[in-house]
Amino acid sequence: MDIAQLFECPLCMGIPEREREQFMEGFDYSVKSYMKGDVVFRQGDVCRFLYILLEGEVEAEMTDDSGAMLRIETIRASRALAPAFLFAEDNHFPVTATVSEKADVFIATKESVFRQMGRYESFLRNFLSVNANRTTFLTGRLQFLSFKTIRGKLIHYILELASPDKKKVLLGKSQQELAEFFGVTRPALAKVLYELADEGMISVNRQEIIILDREKMRRALN
């Protein structure tokens, strides 16, 4: 493992280069390699370790009570995987982490993570900051999920991507990826996308969306 990869993760930024080797030695850890399709951890598993994605890409997905799979986000290196649950009272993972690109994962014990927080103030500050930012992200994701219809989800998603003075939006996902993100089928998503275009709210050119009537879109959410 290239030690520099760990310090590209927001959790470990700010550790002085001269202290990095000693910082590593303070953890009880291993580095595990995963192939595409492998599962790092499953929804409902108890979180006993800190997982940091050093290389590759992981999909975080959640299964609801009906058995439907909802993609929460795509996580790319270098990032920690669900670190907030390491010290939670109910420390069961809410998602399944499945490898989408060959991955290397740093895995450290809970006890050694806690020990290093006491030794390195920057590591403790980073941990608190990362988890606070995750709370903000998940709050937004919950707001998104509160929209029951595909139409509501899609309008909300487009408006979130666009700043108030910006009309052109790049979705950044294919229709299939977006459908998986929404937890719907691709044909159902495509149908709503082109309905919004027919109603004059947007124009569509592959992954590029141009907002034509922002106020009409906002009213459609009410």
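The following exercises, each with a worked solution, concern a predicted model.

**Exercise 1. The nonpolar cores**

Determine how many residues the largest nonpolar core has, and which elements each supply at least two of them.

Solution.
Step 1. The largest nonpolar core has 41 residues. Leu11, Ile52 and Phe123 have the most contacts inside this core.
Step 2. At least two core residues come from each of the helices α2 (20–25), α3 (110–119) and α4 (121–145). The strands β2 (39–41), β3 (49–63), β4 (69–76), β5 (79–81) and β6 (96–109) likewise each supply at least two.
Step 3. Another core, of 21 residues, lies apart from the largest one. Leu154, Val169, Phe182 and Leu193 are among its residues.
Step 4. As a general background, nonpolar side chains tend to be buried together in soluble globular proteins.

**Exercise 2. The surroundings of Leu11**

List the residues that Leu11 touches, not counting residues up to four places away in sequence.

Solution.
Step 1. Residues up to four places away in sequence are set aside.
Step 2. Leu11 then touches Leu50, Ile52, Ala80, Phe123, Asn126, Phe127 and Val130.
Step 3. Two of these partners, Ile52 and Phe123, are named together with Leu11 as having the most contacts inside the largest core.

**Exercise 3. A pair of helices**

Describe how the axes of helix α5 and helix α7 cross, and which residues make the contact.

Solution.
Step 1. Two packed helices are described by the angle between their axes and the distance between the axes.
Step 2. The axes of α5 (residues 150–161) and α7 (residues 186–198) come within 10 Å and cross at roughly 65 degrees. The crossing is right-handed.
Step 3. Helix α5 contributes Ile150, Arg151, Leu154 and Ile155 to the contact. Helix α7 contributes Ala188, Leu189, Val192, Leu193, Glu195 and Leu196.
Step 4. Sorted by character, the contact residues comprise eight nonpolar, no polar and two charged.

**Exercise 4. Backbone particulars in loops**

Identify the cis peptide bond, and decide whether Ala82 and Arg206 count as buried, partly exposed or exposed.

Solution.
Step 1. The peptide bond from Ala77 to Ser78 is cis, with omega near 0 degrees. Ser78 belongs to the loop between β4 and β5.
Step 2. Ala82, in the loop between β5 and β6, has a positive phi, near 50 degrees, although this residue is not glycine. Its relative accessibility is 22%, so Ala82 counts as partly exposed.
Step 3. Arg206 also has a positive phi, of about 55 degrees, without being a glycine. Arg206 is located in the loop between β8 (202–205) and β9 (208–211). Exposed means over 50% relative accessible area; Arg206 therefore counts as exposed, at 75%.

Note on methods:
Residues numbered from 1 in each chain as written. Predicted model: local features only at pLDDT ≥ 70, side-chain atom pairs only at ≥ 80, totals over all residues. Heavy atoms only, no water. Core = buried A, V, L, I, M, F, W, Y, C linked by side-chain atoms within 4.5 Å. Buried < 20%, exposed > 50% of the residue type's maximum accessible area, 1.4 Å probe, protein only. Helix = DSSP H or I, 4+ residues; strand = E, 2+ residues; numbered from the N terminus. Contact = heavy atoms within 4.5 Å. Axes fitted to C-alpha atoms, helices over the stretch in contact; angles between N-to-C directions. Left-handed = near helix turned anticlockwise from the far one by under 90°. Nonpolar A, V, L, I, M, F, W, Y, C, P; charged D, E, K, R; others polar.
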